[in-house]
Amino acid sequence: MGETVTTATLELRDIRKSFGPIEVLHGIDIALRSGEVHALIGENGAGKSTTMKILAGYQPATSGQILLDGKEVTFNSLHEGEEAGIVMIHQEFNLAEQLTVEQNIFLGRELRKGWLLDKAEMRRLTRSYLDRVKCRAHPDTPVSKLSNSDKQMVEIAKALSRDARVVIMDEPTAVLTNREAGILFEQVRAMREAGTAILFTSHKLSEVAEIADQVTVMRDGAVVRACAASDITEDEMATAMVGRDVSDLYPEHRKDAGSDLALSVSGLDVPGFAQGISFDLYRGEIFGIAGLIGSGRTEAMEGLCGLRPATRDQMQINGQDVSIRKPSDALAQGLCYLTEDRKLRGLLLERGMRENLTLQALPKFGTLLIDRSAEEKALDQAIKDFDIRAGRRDVKVGNLSGGNQQKLLLAKVMQSEPKILIVDEPTRGIDIGTKQQIYAFLRRLADEGHAIIMVSSEMQELIGMADRVAVMRTGRIAGTLSGKDITEDAIVRLAMGVGATDYGAKKELA
Amino acid sequence: MTSETTNSKQSGRALPSMSVLGPILALVLLVVIGALLNPNFLGAANITNVLARSAFIGIIAVGMTFVITAGGLDLSVGSMAAFIAGLMILVMNAALPSMGVGVPIILLGMLVAIVAGILAGLLNGFLITTVGIEAFIVTLGSMGIYRSLVTWLADGGTLSLDFGLRTFYRPVYFDGILGISWPIIVFALVVIIGEIVMSRARFGRHCAATGSNEHVAHYSNVNVNRTRLITYALLGLLVGVATIMYVPRLGSASSSTGVLWELEAIAAVIIGGTVLKGGFGRVWGTVIGVLILSLIDNILNLTDLVSPYLNGAIQGVIIILAVILQREAKAKG
């Protein structure tokens with residue numbers, strides 16, 4: 001990093017950050033240059049978020065220098081960061097949900113004509129920004145009505161509107177489909193051409209290889225590798241992040257997927273989302289469910305578990321007819337669902353680990369009063385079994401890293417002792433090391449005779465883990481693949497609803 | 001007993017956070033001030049008086065703690081208390097010719113109060129959970145309805161309990177065991193049970209989960225609507241209990257009975273450290289909140305330092321201060 005030729009637009013030098021007595025960043029150096037896309041990668045908890053917050057002025061560093069155009073600066077507030085032309089786009093969006101798209105884009109910088117708002121001009125500019133990011137949302141739509149991907153695009157449109165010199169994006173593609181990610185990358189390239197310095201984080205190393213010019217790899221609060229993107233392969237990135245070889249990401253399949261029927265459902269309808277879903281699930285197998293976002297995967301599984309209204313022609317668990325109307329019916333049958341959204345539906349972020357761990361299985365911990373020592377014991381066990389790394393035992397769950405939250409969520413679901421476990425996006429937004437642990441755990445669970453349904457948008461994950469894969473399209477199962485037939489190509493065709501000879505679809509999706 | 005629920009990020013290990021210490025310190029401070037200003041302050045008579053007067057609001061505030069913890073609100077409790085008091089008096093007066101003065105008619109009155117309280121609470125809860133109207137709006141509406149009903153029942157005046165009955169019923173407020181009057185005993189019981197349920201029982205945990213994030217609660221097999229409904233029914237029940245203690249004190253009910261009780265109860269809950277938007281509540285804190293509010297009133301009445309008319313202003317300042325202190329504690333955490 002020493003051979004700086006051009007002055008960096010924004011640079012951190014030997015930045016350290018401590019929370020209380022614990023130092024979380026140990027001397028970070030990173031330089032963002034005009035017209036360069038910089039990828040910051042690392043496992044959850046490596047210190048990426050803190051680094052980004054310091055760059056954007058959200059948090060002060062404990063020591064070290066921040067240089068803007070080579071001059072040392074201190075940002076005392078987010079506002080000063082924005083003044084300097086630094087915009088950060090969060091993973092959790094910073095949009096006012098009740099305001100419209102247009103109001104959000106101009107929030108705090110409304111254009112005026114005399115005393116009144118210049119609505120016409122704001123409308124025109126909003127349209128042009130939205131067009132640039134190919135977002136079809138109407139400027140008058142309240143943001144609360146938008147999908148996650150549209151919200152992301154509105155955030156980017158907002159950054160465009162501020163003529164930002166530095167754009168920092170925290171996992172921008174985590175909630176996007178491949179096609180939307182493609183549009184995002186076009187915008188990133190356009191911003192790069194225009195001379196913007198861009199920093200982004202991602203857990204998808206293929207994206208990093210595709211778009212980044214520079215790569216900085218962090219591990220345990222320090223930079224372990226910094227180089228040009230062309231000098232590092234995806235494998236090397238993964239190895240640098242984890243600190244060990246991760247080529248064996250997926251555990252070995254068991255040879256004989258069971259023939260012992262665990263669950264059989266036919267004609268499952270979830271009004272508005274899914275129709276006529278029928279499948280059999282065997283003990284010891286991992287049954288994948290693929291499909292585009294919005295294909296009704298999640299809703300079908302939630303309907304199956306009584307989490308939302310659904311009807312079914314017939315449903316059997318272990319050969320017995322069952323009727324499931326509410327979540328407790330499903331739990332009583334050993335059927336348990338792990339939500340895709342750990343922050344909004346999975347965990348109480350304001351609460352500690354103990355209360356989260358036992359919430360779903362409270363009756364297990366005492367009939368009249370809750371037995372706290374039994375809860376503590378369960379937490380000890382969960383921390384050990386799932387390798388949950390929390391600084392303190394009584395830490396608020398919201399302060400845990402994403403990977404540790406996911407492990408805690410898995411531990412929580414396992415407290416209900418499910419026989420049939422449905423995991424929805426079990427590795428979304430978590431690092432590769434934790435992924436490996438979760439895959440190993442799920443496979444072990446299946447080998448012990450549990451039946452597992454895995455809903456996922458990551459095709460590699462399904463190919464690596466699932467014994468069979470059902471692909472959903474517009475609320476129906478479009479087809480089921482098994483064994484060697486589970487390929488990215490086959491999944492994409494079914495998901496897009498194209499015939500065996502049509503190759504156009506894959507390009508569009510990928 | 002609540003060390004595990006306090007803010008987790010304080011750096012010192014020994015000291016509990018300000019959100020725990022704050023209300024307790026304020027209470028101690030008030031007691032010291034009171035004792036310094038008036039020698040009678042710590043006398044048995046005054047303490048009994050303060051506690052007995054606190055009991056009505058206190059019993060209601062315990063129920064309010066559950067409602068607020070589960071993410072709800074109930075503005076109707078003051079009017080509800082007045083309506084139940086009026087109903088109780090009407091029923092007892094009407095039953096007097098056939099039943100005569102005695103224990104059975106008192107029990108009948110109590111039954112009416114409890115049943116009416118539970119039904120009123122269930123009605124609020126039903127509209128809020130099943131019909132899905134915001135708690136603020138539902139209870140603002142029912143507040144007006146009950147207030148108007150009691151005025152109508154009293155025909156704009158006062159509903160009075162028959163004199164003989166009143167004399168017979170009086171001991172429920174004025175007597176007690178071992179010199180501790182009944183309202184204080186009932187208050188203490190409600191608090192103890194409430195604290196245990198809140199911090200140790202499944203229901204308390206479900207309330208906190210519901211108030212903290214109802215989606216997470218739903219996905220965690222918590223019946224969100226039922227939990228909320230029960231909190232309102234519980235509050236209604238406790239309003240009934242408080243009314244049972246209140247009627248023998250004056251033996252009457254009018255349109256001015258229970259005015260502003262809802263705000264005092266909510267204030268006590270907030271001063272005690274329960275979070276207004278839900279997700280975290282503590283019953284013992286509410287008790288401290290009630291005592292703080294009563295002591296301010298009491299001290300102003302006992303001394304002539306500040307006009308008692310400023311009572312409301314001082315209470316208002318305390319409420320705002322309490323919330324500021326909580327926010328500071330939260331920002332640190």
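The exercises below treat the contact between chain A and chain B and the salt bridges of a predicted model.

Local features need pLDDT of at least 70 and side-chain atom pairs count only at pLDDT 80 or more, while totals for chains, interfaces and linings use all residues. Residues are numbered from 1 along each chain as its sequence is written, chains are lettered from A in the order in which they are written, and side-chain values use heavy atoms, without hydrogens and water.

**Exercise 1.** Describe the contact between chain A and chain B by residues and by area.

Solution.
- Step 1: Contact means heavy atoms within 4.5 Å. On this basis 35 residues of chain A touch 28 residues of chain B.
- Step 2: Buried area is the accessible area (1.4 Å probe) that two parts lose on being put together, summed over both. The two chains bury about 2,800 Å² between them, with 50% of it on carbon and sulfur atoms.
- Step 3: Within chain A, the residues that lose the most area to chain B are Arg351(A), Ile370(A) and Arg372(A), together 21% of what that side buries.

**Exercise 2.** Find the salt bridge between chain A and chain B, and the network to which its residues belong.

Solution.
- Step 1: A salt bridge is a side-chain nitrogen of Lys or Arg within 4 Å of a carboxyl oxygen of Asp or Glu. Between chain A and chain B the count is one.
- Step 2: Its partners are Arg205(B) and Glu375(A), whose closest N and O atoms are 2.8 Å apart.
- Step 3: Salt bridges with shared partners join Arg205(B) and Glu375(A) with Arg354(A), Glu376(A), Asp380(A) and Arg393(A) into one network.

**Exercise 3.** Place three salt bridges of chain A and state whether their residues are buried, partly exposed or exposed.

Solution.
- Step 1: Buried means under 20% relative accessible area, exposed over 50%, and partly exposed in between (1.4 Å probe, protein chains only).
- Step 2: Glu97(A) and Lys151(A) meet at 3.3 Å, N to O. Glu97(A) lies in the loop between β6 and α3, Lys151(A) in helix α5, 54 residues apart. At 34%, Glu97(A) is partly exposed, whereas Lys151(A), at 10%, is buried.
- Step 3: Lys435(A) and Glu458(A) form a salt bridge at 3.6 Å, N to O. Helix α15 holds Lys435(A), and the loop between β20 and α16 holds Glu458(A). Lys435(A) is buried at 9%; Glu458(A) is partly exposed at 26%.
- Step 4: Glu355(A) and Arg351(A) have their closest N and O atoms 2.5 Å apart, and both residues are buried.

Note on methods
Helices (H or I, at least four residues) and strands (E, at least two) are DSSP runs, numbered from the N terminus.
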